[in-house]
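The report below looks at how two protein chains meet, and at one ring pair in particular. Please read it with the sequence and the model at hand.

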There are 2 protein chains.
Amino acid sequence: MSGAAMVELDRATALRLLSSAVVGRIVFTQNALPAIRPVNHLVDEDLIIIRSHAAAALMSSVDRVVAYEADHFDPGSHAASWSVVATGILRAVTDPAAIVRYERLLRPWVAKTMDQILQIEPRLITGFSLNGADADG
Amino acid sequence: MSGAAMVELDRATALRLLSSAVVGRIVFTQNALPAIRPVNHLVDEDLIIIRSHAAAALMSSVDRVVAYEADHFDPGSHAASWSVVATGILRAVTDPAAIVRYERLLRPWVAKTMDQILQIEPRLITGFSLNGADADG
């Protein structure tokens, strides 16, 4: 058997890698089924900040537990590949000053009104990186 | 407001993009909470094939509905960015000939025994690509 070794990340390293990524994927439940949407994000202290809009399916998960994942995989070289998953409650940001600040710092990629600022308060952050020989080695 | 336009993908284009990606993320429910794991995959006809192992949390979702997501985002140029989500039942592959074939074609990246071959039979495949001006434009 070949393949790279999975090395567990500590919380600080996992948060740093998550901060370094601009895109992640929010995982939630929609009509009792698993759902996932890619979004761009901002890490502010321990909070993951994303933007959404009132009609989004995601909005039904506000005040519920969601997962947020970011990763980097290089098929050519498995080293330096990593994945981080943060799990926590999704909350609407309601403080007007925070909304203004996040709207300035986090520009949506898609041409859609993204008038909702949401934050995930991670209770659990897990992650791994890959080290060692490539699978083909 | 700026940002790229989201263009919905048809099923054939979505499957082709999914096939072009080597990594995706399987989304499932674990202890009633949303869970996600990055894995490498193979698209065989309409089936998404992944490998797992008997002790994996994912195994409790066999015969249940899961989502599978792959994407490509280029922060420098939002054009050519896309995301595809396939939703369907996760099944264990039990046909010995199929197991041998998939084990040969799909090599796990991680140095772990991956003795379970699973397939997702997508009932729903959705996706979008980004076109147009960048968010900073």
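The text goes from the extent of the interface to its polar links and then to an aromatic pair.

This is a predicted model, in which the contact draws 36 residues from chain B and 36 residues from chain A. The size of an interface is often expressed as the accessible area that is lost when the parts come together. Between chain B and chain A the buried area is about 3000 Å², with 74% of it given by carbon and sulfur atoms. Pro34(B), Ile36(B) and Trp109(B) supply 24% of the area that chain B buries against chain A, which is more than any other three residues supply.

Between chain B and chain A there are 4 salt bridges, and one of them joins the side chains of Arg25(A) and Asp71(B) at 2.7 Å, N to O. On the side of chain B that touches chain A, at least two residues each come from several strands, including strand E2 (23-30), strand E3 (33-40) and strand E8 (116-131). By class, that side of chain B has 26 nonpolar, 5 polar and 5 charged residues.

Over all chains, the whole structure holds 2 aromatic pairs. One of them is formed by Phe73(A) and Trp109(B), a tilted pair with 5.7 Å from centre to centre and 55 degrees between the planes. The pair crosses between chains, with Trp109(B) in the loop between helix H2 (96-105) and E8 of chain B.

| Residue | Relative accessible area |
|---|---|
| Phe73(A) | 17% |
| Trp109(B) | 11% |

Phe73(A) counts as buried because its relative accessible area, 17%, is under 20%, and Trp109(B) is likewise buried, at 11%.

Notes: Residues numbered from 1 in each chain as written. Chains lettered and ligands numbered in written order. Predicted model: local features only at pLDDT ≥ 70, side-chain atom pairs only at ≥ 80, totals over all residues. Heavy atoms only, no water. Contact = heavy atoms within 4.5 Å. Buried area = accessible area lost by both parts, 1.4 Å probe. Helix = DSSP H or I, 4+ residues; strand = E, 2+ residues; numbered from the N terminus. Nonpolar A, V, L, I, M, F, W, Y, C, P; charged D, E, K, R; others polar. Phe/Tyr/Trp six-rings, centres within 6.5 Å; stacked < 30°, edge-to-face > 60°. Buried < 20%, exposed > 50% of the residue type's maximum accessible area, 1.4 Å probe, protein only.
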